[in-house]
Each structure stands twice: as C-alpha cells, then as structure tokens.
Amino acid sequence: MYETLVGSVLQVQTASIHGVVFYDVVLQTDSSAIRVRFQDTFLNPAPKPGEYLKVELILGNVSDVQRIPAP
C-alpha cells in the first residue's frame with residue numbers, strides 16, 4: 001500500500017541505533033498526529049518543529065521525505 005502524509009512537525013527526537021542516525025518525528029496531518037521514523041539520509045539537516053513535510057510510505061516504510069512550503 002502506498003501512502004503520502006503531509007503535515008507540520010510537532011516534535012523531533014534524534015536516535016542513534018547501532019551508529020545510524022534516525023529522526024522520530026510527530027507529524028500533525030489534517031486528520032491526526034502521526035509518529036514516523038526515518039533515517040537521516042532522507043532529510044538533512046534534521047527537521048524542526050513548525051516545518052512542513054511530505055512523507056511517502058510504501059507498506060508503512062518511509063520511501064521519501066521532502067520539506068514543503070507551508071500551505
């Protein structure tokens with residue numbers, strides 16, 4: 001299943017798992033707040049609260065992350 005999430009960043013926490021950096025992001029979409037985790041290779045520097053992101057998922061796994069302008 002393919003899914004696209006668009007929303008503003010509410011929280012960001014950086015996690016290092018076996019030496020790999022991940023971002024745990026809480027994204028406020030039109031319908032709810034959703035937590036997603038993705039590797040720093042998708043988006044660098046780290047997202048900041050208030051920024052808008054477009055996150056694409058395939059079978060629940062992040063496949064692309066982009067910063068977008070606020071609507």
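**A walk through a predicted structure**

Let's start with Arg-67, which is partly exposed because its relative accessible area is 33%. Keep in mind as we go that this is a predicted model. The side chain of Arg-67 meets that of Glu-51 in a salt bridge, with 3.0 Å from N to O. This pair ties together distant parts of the chain: Glu-51 sits in the loop between β3 and β4, while Arg-67 belongs to strand β5, and the two are 16 residues apart. Glu-51 has a relative accessible area of 23%, so this residue is partly exposed too.

What lets two side chains like these pair up? Side chains of opposite charge can pair when their charged atoms come close. If you search the whole structure, you'll find 3 salt bridges, so let's visit the others.

Next, look at Asp-24 and Arg-37, whose side chains meet in a salt bridge at 2.6 Å, N to O. Here again distant parts of the chain are linked, with Asp-24 in strand β2 (residues 20-28) and Arg-37 in strand β3, 13 residues apart. Is Asp-24 buried or exposed? Buried means under 20% relative accessible area, and Asp-24 has just 12% relative accessibility, so Asp-24 counts as buried. Its partner Arg-37 is partly exposed, because its relative accessible area is 44%.

The remaining stop on the salt-bridge tour is Lys-54 with Glu-56, where the side chains meet at 3.7 Å, N to O. Lys-54 comes out as partly exposed because its relative accessible area is 27%. Glu-56, on the other hand, is at 15% relative accessibility and therefore counts as buried.

Glu-56 also gives us a way into the strands, since this residue stands opposite Asp-64 in β5. Strands β4 and β5 (residues 61-68) run antiparallel, and 7 bridges join them. How many residues lie between the strands in this hairpin? There are 2, and within the hairpin Leu-59 takes a positive phi near 50°.

Leu-59 turns up again at the surface. Together with Met-1, Tyr-2 and Ile-58, Leu-59 forms a nonpolar patch there, and the four share about 520 Å² of accessible area. Met-1 comes from the segment before β1. Exposed means over 50% relative accessible area, and Met-1 reaches 72%, so Met-1 is exposed.

Now for a charged residue without a partner: Asp-40. You'll find Asp-40 in the loop between β3 (33-39) and β4 (52-58). Asp-40 is buried and yet has no salt bridge. Which side chain of opposite charge is nearest to Asp-40? That's Arg-67, our starting point, but Arg-67 is 11 Å away. A salt bridge needs a side-chain nitrogen of Lys or Arg within 4 Å of a carboxyl oxygen of Asp or Glu. If you set aside the neighbours within four places in sequence, Asp-40 is in contact with Val-21 and Tyr-23.

Val-21 leads us to our final stop, Ala-15, because Val-21 is among the residues that Ala-15 touches. The others are Val-20, Phe-22 and Asp-24, not counting residues up to four places away in sequence. Ala-15 has its place in strand β1 (residues 2-17), and at 18% relative accessibility this alanine counts as buried. For a sense of scale, try finding Ala-70: 55 residues separate Ala-15 and Ala-70 along the chain, and their C-alpha atoms are 26 Å apart.

Note on methods
Residues numbered from 1 in each chain as written. Predicted model: local features only at pLDDT ≥ 70, side-chain atom pairs only at ≥ 80, totals over all residues. Heavy atoms only, no water. Helix = DSSP H or I, 4+ residues; strand = E, 2+ residues; numbered from the N terminus. Buried < 20%, exposed > 50% of the residue type's maximum accessible area, 1.4 Å probe, protein only. Lys, Arg positive; Asp, Glu negative; His and termini not counted. Contact = heavy atoms within 4.5 Å. Pairing = 2+ DSSP bridges. Patch = residues over 30% accessible without salt bridge, like charges linked within 9 Å, V, L, I, M, F, W, Y side chains within 5 Å. Areas by Shrake-Rupley, 256 points an atom, 1.4 Å probe, with all protein chains shown as cover.
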